[in-house]
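Hello, and thanks for sharing this one. Here are my notes, in numbered points, to read alongside the coordinates.

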Amino acid sequence: MRSALAYTPRPGRLQAASAPAAAAYLGSIAVVAFVFSSPIVLAGAAAAVAVAGLAAGARRALAVSLRWGLWLGATLVVVNVLVTDRGETVLVRGYDVPVLGPMDVTLESLAAGGVLAMRIVVVTMAFAVWSACVDPDRVLRLVRPVARRSALTATLVSRMVPVAAGDLARLREAAELRGPGAAPIGHAALVRRLVGGSLDRALDVAATLELRGYALPGRVRAVRRRSRWDRRFVAAGVAIAAIAVGARLAGIGGFDTYPELAIEAGAATLVLSAALPVIAALPFARRRPRGAGLRTREAGAHD
């Protein structure tokens, strides 16, 4: 069973683009998630990632990352509500929590946790599209001359995360096939087996790299590979980052949680949120063939 986050070679513009172009394109959307706290703008960034993933054929990766991001985001919302009782709009007053004591649930703390959750969802989806569409070997060849060990670490992480997800799916499937009479397997046992298998695989990978002489000193020449789609993705990434930073400096998309909830929902914020998925879709737009308009006009003249 192949993990949805594993890189799968397939024809596509994002797959054919170079690693720097893909990083500029997907990284710019992550920049929006870190620069803004407005739920309206974050919703536009999530739509932009969804457009990029669907156009690149990473539907399964988007679904998995969305499920993981929502689970982690919900956890952060609960934690933020438990540890923060600031805000003037009290929803639940004076409940007792062990160790923490009496606490209030406020609308402002709930909104602050929701913003963190949306930010995590956007970044997780962007990473999932990167993992499924960008060749990690190409990234390793690109970064290896500059930072050999860091490049190896990043490449192994991007490879091992999908492998671990596939191992977990296989362990769950095997546990379900044991029959109704078998004792149920808890989450602790699955985590124990998954961690044990990951450690064994890490030792095998380290031994293989040592045998291949990866740690030996030597000059490595960077391999530069460009695609005809690079300019589109770089231009879209620069446009998204520039518009986001400019809008933030201009005060567009403001959002404050404390002491009272205040959100700026003017026309400029709505236009910014709607522009993000549109710009993200531009690299995948089909270019009109040259002479198509001329042929159409000639056909109309003959009619």
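Before the points, one definition: helices and strands here are DSSP runs numbered from the N terminus, with at least four residues for a helix and at least two for a strand. Please also keep in mind that this is a predicted model.

1. **Phenylalanine 255.** By that definition, phenylalanine 255 belongs to strand 3, which covers residues 255–256. Its relative accessible area is 15%, so phenylalanine 255 is buried. Beyond its neighbours within four places in sequence, phenylalanine 255 is in contact with Ser37, Ser38, Pro39, Ala111, Val115, Leu261, Ala262 and Ile263. One of these, Val115, is 140 residues away along the chain, and the two C-alpha atoms are separated by 9.8 Å.

2. **Aromatic pairs.** How many aromatic pairs does the model hold? The count comes to three. In one of them, tyrosine 25 and phenylalanine 233 meet edge-to-face, at 5.0 Å centre to centre and with 70° between the planes. Because tyrosine 25 is in helix 2 (residues 19–35) and phenylalanine 233 in helix 9 (residues 230–249), this pair ties together parts that are 208 residues apart in sequence. Tyrosine 25 and phenylalanine 233 are both buried.

3. **A second partner for tyrosine 25.** The ring centres of tyrosine 25 and phenylalanine 284 are 6.3 Å apart and the planes stand at 65°, so this pair is edge-to-face. Here tyrosine 25 is in helix 2 while phenylalanine 284 is in the loop between helix 10 (267–281) and helix 11 (292–302), so the pair ties together parts 259 residues apart in sequence. Phenylalanine 284 counts as buried because its relative accessibility is 16%, and the cut-off for buried is under 20%. Tyr25, Phe233 and Phe284 form one aromatic cluster.

4. **The surroundings of tyrosine 25.** Is tyrosine 25 buried or exposed? At 0% relative accessibility, tyrosine 25 counts as buried. Not counting residues up to four places away in sequence, tyrosine 25 touches Leu14, Ala52, Phe233, Ala236, Gly237, Ala280, Pro283 and Phe284.

5. **The largest nonpolar core.** This core has 46 residues, and those touching the most other members are Leu14, Tyr25, Val32, Val49 and Phe233. Two or more residues come from each of helix 2, helix 3 (39–55), helix 4 (59–83), helix 5 (107–133), helix 9 and helix 10. Which helix gives the most to this core? Helix 5 does, with 10 residues.

6. **Helix 2 against helix 5.** These two helices pack with their axes 9 Å apart, at an angle of about 170°. That angle makes helix 2 roughly antiparallel to helix 5. On the helix 2 side, the contact is made by Ala19, Ala22, Ala23, Leu26, Ile29, Ala33 and Phe34. Helix 5 contributes Arg119, Val122, Val123, Ala126, Val129 and Trp130.

7. **Serine 65.** Helix 4 holds serine 65, which counts as buried at 2% relative accessibility. Leaving aside neighbours within four places in sequence, serine 65 is in contact with Thr124, Met125 and Ala128.

8. **A charge over a ring.** Where does the charged end of arginine 13 sit? It sits over the ring of tryptophan 229, 4.1 Å from the ring centre.

Methods
Residues numbered from 1 in each chain as written. Predicted model: local features only at pLDDT ≥ 70, side-chain atom pairs only at ≥ 80, totals over all residues. Heavy atoms only, no water. Phe/Tyr/Trp six-rings, centres within 6.5 Å; stacked < 30°, edge-to-face > 60°. Buried < 20%, exposed > 50% of the residue type's maximum accessible area, 1.4 Å probe, protein only. Lys NZ or Arg CZ within 6 Å of the ring centre and 35° of its normal. Contact = heavy atoms within 4.5 Å. Core = buried A, V, L, I, M, F, W, Y, C linked by side-chain atoms within 4.5 Å. Axes fitted to C-alpha atoms, helices over the stretch in contact; angles between N-to-C directions. Parallel < 35°, antiparallel > 145°, perpendicular 65-115°, else oblique.
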